[in-house]
Amino acid sequence: MSDKLRNPLFIFIFSGLVLFAAIFVIAFPFSLLIKIFLISIISVFVVGLLSYRWGLFLLVFLRPLLDFTARDTVITFSGLALNLPTIAGGVMIIFSLLVILSNRKNIQEKKITIAWVIFLLWSIISLLFSFDLGSTIKVLAKFLNIFFAFLLGYILIRNNKNLTILIKIIIFSSLLPALVALYQFINNTGLADAGRNGLFGTL
């Protein structure tokens, strides 16, 4: 972790801003579930500043749960409807950039990221030729999240113990969406989508 993030003054100021953001979220007319998840995203980001590895673990745990709110627009920006999974994706990108800046020497020594970088650059260039810019940006954001999730794991998972914890978190975080999806499948319920019932979660 960088010395700047260890600085008590920096942590105090940033925590104050996060507290202000949490109060701001509570004051808005969101549903209770949206408010809880938004505050959870903010809290995870703060934890991530104090411990990069636990920030990664908590992001991985929280992300599948956000799919329960995927159809609820939280904010509209430049014509793009942003939901909680999209906001969490943006937080992951910012968090990943902080981790990368603190570990840039280690990354520069590895050639495994070159193919990813080329792919992402090509994806960004494709924005110039897109017929639907909004959809293209959303897909690109998903690619960025996959890339940064891979990179965070590559940087922060240092031993078998860390890997075991990560695997357990992935399994545990997928249980609730999986159980809800199974219930909906058995009872033929779920989100109505073009005349058919969809399943919650990431199945």
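Which element gives the largest share of the lining of the second largest pocket? In this predicted model, that share comes from α2, with 5 residues. The pocket itself has a volume of about 470 Å³. Its lining is made up of 17 residues, and those nearest the centre are Ala21, Val25, Leu38, Ile42 and Ile87. Besides α2, the elements that contribute two or more residues to this lining are α3 and α5. In terms of residue class, the lining holds 16 nonpolar residues and 1 polar residue, with no charged residues.

The helices α2, α3 and α5 also take part in the largest nonpolar core, where each supplies at least two residues. This core has 36 residues, and the members that touch the most others are Ile41, Leu66, Leu84, Phe95, Val99, Leu152 and Leu156. The full set of elements giving at least two residues comprises α2 (8-27), α3 (32-50), α4 (52-65), α5 (84-102), α8 (133-156) and α9 (160-187). The greatest contribution is that of α3, which provides 9 residues.

Leu156 offers a convenient point from which to examine the core. Once neighbours within four places in sequence are set aside, Leu156 is in contact with Tyr52, Arg53, Leu56, Val99 and Asn162. Val99 is, like Leu156, among the core residues that touch the most other members. Tyr52, another of the contacts of Leu156, leads on to the aromatic residues.

A search of the whole structure finds 4 aromatic pairs. One of them joins Tyr52 and Phe95, whose ring centres are 6.0 Å apart; their planes stand at 75 degrees, and the pair is therefore edge-to-face. Because Tyr52 belongs to helix α4 and Phe95 to helix α5, this pair ties together parts that are 43 residues apart in sequence. Tyr52 and Phe95 are both buried.

A second example is provided by Phe150 and Tyr154. The centres of these rings also lie 6.0 Å apart, but the planes are at 20 degrees, so this pair is stacked. Phe150 and Tyr154 both lie in helix α8; because they are 4 residues apart, about one helical turn separates them. Phe150 has a relative accessibility of 27% and therefore counts as partly exposed. Tyr154 has a relative accessibility of 35%, so this residue likewise counts as partly exposed.

Two further residues show how individual positions meet parts of the chain beyond their immediate sequence neighbours. Ser96 lies in helix α5. With a relative accessibility of 1%, Ser96 counts as buried. When residues up to four places away in sequence are not counted, Ser96 touches Phe148 and Leu152. Of these, Leu152 is among the core residues that touch the most other members.

Pro64 is placed in helix α4. Its relative accessibility is 15%, and because buried means under 20%, Pro64 counts as buried. Apart from neighbours within four places in sequence, Pro64 is in contact with Ser173 and Pro177. The C-alpha atoms of Pro64 and Ile170 are 9.0 Å apart in space, although the two residues are 106 residues apart in sequence.

Conventions
Residues numbered from 1 in each chain as written. Predicted model: local features only at pLDDT ≥ 70, side-chain atom pairs only at ≥ 80, totals over all residues. Heavy atoms only, no water. Core = buried A, V, L, I, M, F, W, Y, C linked by side-chain atoms within 4.5 Å. Buried < 20%, exposed > 50% of the residue type's maximum accessible area, 1.4 Å probe, protein only. Contact = heavy atoms within 4.5 Å. 1 Å grid on protein atoms, 1.4 Å probe; cavity = no way out; pocket = protein on both sides within 12 Å on 5 of 7 lines; lining within 4 Å. Points joined across faces, edges and corners; volume = space filled by probe spheres on them. Nonpolar A, V, L, I, M, F, W, Y, C, P; charged D, E, K, R; others polar. Phe/Tyr/Trp six-rings, centres within 6.5 Å; stacked < 30°, edge-to-face > 60°.
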